Amino acid sequence: MPKLRHLAVPALVAAALVAGTAGSSYAADIYTASSSNSCGAAYFYDDGDTFKILDVCSDGKGVRLQYTNPTTGNPSTSDTKIHVDYTGGYTGWSMSNAYIYDTDMNEAACFYFRVGHVDNGAYVSGSYGGWNLACAAN
């Protein structure tokens, strides 16, 4: 009987772990993009359709988030583009200082996004980083 007791304890622990996590929600996917000089960054949180924009250089320029129109079809970098400028100053890498931009996307809508810079309301040529694909949660 001692052998069965040794097997029963790990089995009960495993069952408790499964029962304890069965109702847990999944972690949201987080997508990132940065500008060509890494002075700007944006994070997209698919659970809530929220962008967080960071300005990590004290250069006086703002950060421009550009994203394509979200679609449940096949997204393309040539789709209609939307841009959001953050010109509130240096945030550093602290997410608590990030500029929050909320959107309302259809479930599972996908799009491309990238980050660049803006100076006195105008896009700074050549500052966009690469395109990044992201999708809203189901």
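These notebook entries record what I looked up in a predicted model, going from confidence to the sheet, then to one loop residue and the disulfides.

**Confidence**

I began with the predictor's confidence: the mean pLDDT of the protein chain is 84, and 80% of its residues reach 70 or more. I then looked at residues 1–26, where pLDDT stays under 50 and where the model has one contact beyond four places in sequence. Where pLDDT is low, the predicted coordinates should not be read in detail, and I therefore leave residues 1–26, with pLDDT under 50, out of what follows.

**The four-stranded sheet**

I traced an open sheet of four strands, which has the order 1-2-3-6 and antiparallel pairing. Its edge strands are strand 1 (30–34) and strand 6, each of which pairs on one side only, and the twist averages 20° from one strand to the next.

I went through the pairings in the order of the sheet. Strand 1 and strand 2 pair in the antiparallel sense over five bridges, and in strand 2 I found Y43 as the bridge partner of T32. Strand 2 (residues 40–45) is joined to strand 3 by six bridges, again in the antiparallel sense, and here F44 has its bridge partner in F51 of strand 3. Strand 3 and strand 6 (residues 99–102) run antiparallel with four bridges between them, and on this side the bridge partner of F51 is Y101 in strand 6. I note that F51 thus has F44 as a partner in strand 2 and Y101 as a partner in strand 6.

I also asked how much of strand 3 is covered: five of the six residues in strand 3 (residues 50–55) are buried.

**The hairpin and D49**

Strand 2 and strand 3 form a hairpin with four residues between them, and in the turn G48 has a positive phi of about 120°. D49 is also found in the loop between these two strands, and I wanted to know whether D49 is buried or exposed. D49 is buried, with a relative accessible area of 8%, and this value counts as buried because the cut-off is under 20%.

I next listed what D49 touches, leaving aside residues up to four places away in sequence: F44, Y101, D102, T103, D104, M105, A136 and A137. For Y101 I looked up the separation from D49, which is 52 residues in sequence and 8.8 Å in space, C-alpha to C-alpha. The side chain of D49 also reaches the backbone nitrogen of M105, at 3.1 Å.

**Disulfides**

I counted two disulfides, and with the bonded cysteines numbered in sequence order the pairing is 1-2, 3-4.

In the pair C39 and C57, the sulfur atoms are 2.0 Å apart; the torsion about the S-S bond is about -75°, so this disulfide is left-handed. C39 lies in the loop between strand 1 and strand 2, and C57 in the loop between strand 3 and strand 4 (62–68), so the bond ties together parts that are 18 residues apart in sequence. C39 is buried at a relative accessible area of 7%, whereas C57, at 21%, counts as partly exposed.

The other pair joins C110 to C135, also with 2.0 Å from S to S, and a torsion of about 105° makes this disulfide right-handed. C110 lies in strand 7 (residues 110–119) and C135 in strand 9 (residues 132–135), so here the parts tied together are 25 residues apart in sequence. At 14% relative accessibility, I record C110 as buried.

Methods
Residues are numbered from 1 along each chain as its sequence is written. Side-chain values use heavy atoms; hydrogens and water are left out. Buried means under 20% relative accessible area, exposed over 50%, partly exposed in between (1.4 Å probe, protein chains only). Two strands pair if DSSP finds at least two bridges between them. Axes are lines fitted to C-alpha atoms, for helices over the stretch in contact, and angles run from 0 to 180 degrees between N-to-C directions. Contact means heavy atoms within 4.5 Å. A polar contact is a pair of N or O atoms within 3.5 Å; within protein, one must be able to donate a hydrogen and the other to accept it, and residues adjacent in sequence count only if both atoms are side-chain atoms. pLDDT is the predictor's confidence in each residue, from 0 to 100. A disulfide is a pair of cysteine sulfur atoms within 2.5 Å.
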